[in-house]
Amino acid sequence: MKRTVYITRKLPEEIVDKLSSRFNVKMWSEEDVPVPREVLLREIEEVDGLICLLTEKIDEEVLNKARQLKVISNVAVGYNNIDVQAANEKGMVVTNTPSVLTETTADLTFALLMAAARRVVEGSDYLRSGEWGAWSLMQMTGQDIFGATIGIIGLGRIGEALVKRAKGFDMNVLYYNRTRKPEKEVELGIHYRDMKDLLQQSDFVCLLLPYSPEVHHLIGKEELSFMKRNAILVNTARGGLVDEEALYHALKTREIWGAGLDVFEQEPVPIDHPLLSLPNVVTLPHIGSASLKTRMRMAELAADNMVSVLTGNEAITPVLIK
Ligand code: NAP
Ligand code: GLV
C-alpha cells in the first residue's frame with residue numbers, strides 16, 4: 001500500500017511530482033501561506049511522513065496526534081521548531097537540510113556585516129529621500145571591514161564558511177564554540193576565545209550556533225556591555241539567541257555601533273518593533289539561504305530524505321541530538 005506524505009507548505013512542482021510518483025501526497029495549499037495549526041493537528045493523524053518548514057511547531061501536541069508517523073523532514077538546517085527528542089522517543093526519524101545551504105548563508109551573513117558596517121541601506125534611503133545636498137568629507141562614514149577583528153560564535157559548517165570570506169578581507173578571526181576545535185585553528189588560522197574575551201575583542205560578532213532553550217538570550221544586556229563601542233552584531237542564526245530589548249537599548253544609546261539581523265524572536269517581526277525604527281540596524285526577512293539554487297537543493301534533500309526513510313533505508317541527513 002502507498003504511504004501517505006503531508007506537505008505543510010507549497011514546494012516546487014517538480015519536487016511534489018517526484019514525491020507523488022511514490023506516495024499519496026497531500027499539500028496544505030497551492031497558496032504559499034502557513035498551515036493553520038488545527039489543520040496540521042488533523043492531517044497529522046493519518047500520515048506516514050511529514051515535510052515541514054521552520055514555521056511549523058512540531059511539538060508534543062502534534063506528535064501525540066500522529067498515529068503512524070515515521071519521518072519528519074524539515075526543509076531547513078535549524079530544527080528548533082521540532083521536539084526532536086520526543087519524536088525520537090516515539091520512533092520517528094527527524095531530518096534536516098545541512099550543507100546544501102552553507103555557502104549561501106555564509107554569503108548573506110557577510111552581506112549583512114558589510115551592509116551594516118558601510119551603512120548601505122541607510123545611505124540608499126538617504127539618497128532616495130532627497131536629503132543628499134552635497135558630497136562632504138565625513139558624510140555616511142562607517143566602519144572598516146578589511147583588517148578588522150571578527151568573532152564567530154558557533155564554528156560549524158556556516159561559521160567555517162564565514163571564516164573563508166573573512167580571511168579574504170584580511171580579518172583577524174576569533175571564534176567561540178561549545179567544543180574547541182584545535183585542528184581548525186591550525187587549518188584556518190583562527191583563534192579560540194571564551195565568550196567574554198571574544199565579545200571584548202571583536203569589531204564584528206556573528207552568531208552562527210543553533211537555538212535551544214539553553215542558549216535563549218545568549219546575547220543580553222551584560223554581553224552587549226562587553227562589546228566595543230564600534231562593534232556590530234550580526235545574527236543569521238535564530239532570533240531567540242538575542243535579547244531584543246537589550247539590543248535595542250544598546251543600539252539606541254550607541255553602546256554598540258550597529259547590527260545586521262536576518263532573524264527575530266517573532267517572525268514576521270511586527271512592523272512597529274522598536275528595532276525597526278533604528279537607522280543603525282540592517283534588517284532582512286530571514287533569507288539566509290534564499291538563493292534560487294539553494295532553496296531548490298533544500299527542497300530536493302528534504303524529499304530525498306522522505307523517500308529514503310519511507311522505502312526502508314537510512315535517512316540521508318538525520319538530526320542526531322548531542
Ligand atoms: P552546525 O554545522 O551544526 O554548526 C553549529 C555550531 O554551533 C557547531 O560547531 C556547534 O558546536 C556550535 N554550538 C552548538 N551549541 C553551541 C553553544 N551552546 N555554544 C557555542 N557553540 C555551540 O550548523 P550550521 O549548518 O552551521 O547552522 C547553524 C545555524 O544557522 C542553524 O542551526 C540555523 O539556526 C542557522 N541558519 C540560519 C539560516 C538563515 O536563513 N538565517 C540558514 C541556515 C542556518 P559542536 O561542534 O559542539 O556541535
Ligand atoms: C534556516 O533558517 C535554516 O535553519 O535552514
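Trainee: Let's start with strands E6 and E9: how do you know that they are joined, and in which sense do they run?
Mentor: Strand E6, residues 149-153, is joined to E9 by four bridges, and the strands run parallel. Pairing takes at least two bridges, so with four, E6 and E9 pair. Bear in mind that we're looking at a predicted model.

Trainee: Which residue of E9 does Ile 150 face?
Mentor: Phe 204 in E9 stands opposite Ile 150.

Trainee: What about E9 and E10, how do you know that they pair?
Mentor: Again, count the bridges. E9 and strand E10 (residues 232-235) have four, in the parallel sense. The pairing rule asks for at least two, so they pass. Leu 207, for one, has Asn 235 in E10 as its bridge partner. Between these strands the chain goes through helix H10, residues 221-226, in a right-handed β-α-β crossover.

Trainee: What makes that crossover right-handed?
Mentor: Picture the strands pointing away from you: the name applies if the path from the first strand over the helix to the second runs clockwise. The path from E9 over H10 to E10 is right-handed, so in that view it goes clockwise.

Trainee: Why are both faces of strand E9 called covered?
Mentor: Look at where the side chains sit. Phe 204 and Cys 206 lie on one side of E9, residues 204-207, Val 205 and Leu 207 on the other, and all of them are buried.

Trainee: Why is Cys 206 called buried?
Mentor: Its relative accessible area is 0%. Buried means under 20%, so Cys 206 is buried. Cys 52 is also at 0% relative accessibility, so that residue counts as buried too.

Trainee: How many disulfides does a search of the whole structure find?
Mentor: Zero. A disulfide needs two cysteine sulfur atoms within 2.5 Å, so no such pair turned up in the search.

Trainee: Now the sheet. In what order do its strands come?
Mentor: It's an open sheet of seven strands, E8-E7-E6-E9-E10-E11-E12, with parallel pairing.

Trainee: Why are E8 and E12 said to stand at the edges?
Mentor: Strand E8 (191-192) and E12 each have a single partner strand, so one side of each has no neighbour in the sheet. For E12, strand E11 (residues 258-261) pairs with it in the parallel sense over three bridges. There, Leu 261 stands opposite Thr 283.

Trainee: Ser 277 sits in the loop between E11 and E12. Is it buried or exposed, and how do you know that?
Mentor: Its relative accessible area is 52%. Exposed means over 50%, so Ser 277 is exposed.

Trainee: And how is Thr 179 classed, in the loop between strand E7 (172-176) and helix H8 (182-188)?
Mentor: Its value is 42%, which falls between the 20% and 50% cut-offs, so Thr 179 is partly exposed.

Trainee: What about Arg 9, in the loop between strand E1 (4-7) and helix H1 (13-20)?
Mentor: Arg 9 has 10% relative accessibility, under the 20% limit, so it counts as buried. Its C-alpha is 8.1 Å from that of Glu 30, 21 residues apart along the chain.

Trainee: Over to strand E4. What makes it paired with E3 and with E5?
Mentor: Strand E3 (residues 49-52) and E4 share four bridges, in the parallel sense. E4 and strand E5 (residues 93-95) share three, also parallel. With at least two needed, both count as pairs, so E4 has partners in E3 and E5. Ser 73 of E4 stands opposite Ile 51 and also opposite Thr 95 in E5. As for the connection, E4, helix H4 (residues 84-89) and E5 make a right-handed β-α-β unit.

Trainee: What lines the second largest pocket, by class?
Mentor: Seven nonpolar, one polar and two charged residues. Among the lining residues are Glu 122, Asp 125 and Thr 283. Glu and Asp count as charged, and Thr falls under polar, so those names fit the tally. The pocket has a volume of about 150 Å³, and helix H6 (120-128) and strand E12 (281-283) each give two or more residues to its lining.

Notes
Residues are numbered from 1 along each chain as its sequence is written. Chains are lettered from A and ligands numbered from 1 in the order in which they are written. This is a predicted model: local features need pLDDT of at least 70, side-chain atom pairs count only at pLDDT 80 or more; totals for chains, interfaces and linings use all residues. Side-chain values use heavy atoms; hydrogens and water are left out. On a 1 Å grid over the protein atoms alone, a cavity is a set of points where a 1.4 Å probe fits but cannot get out, and a pocket is an open set with protein on both sides within 12 Å along at least five of seven lines; lining residues have an atom within 4 Å of a point. Grid points are joined across faces, edges and corners, and a volume is the space filled by probe spheres set on the points. Buried means under 20% relative accessible area, exposed over 50%, partly exposed in between (1.4 Å probe, protein chains only).
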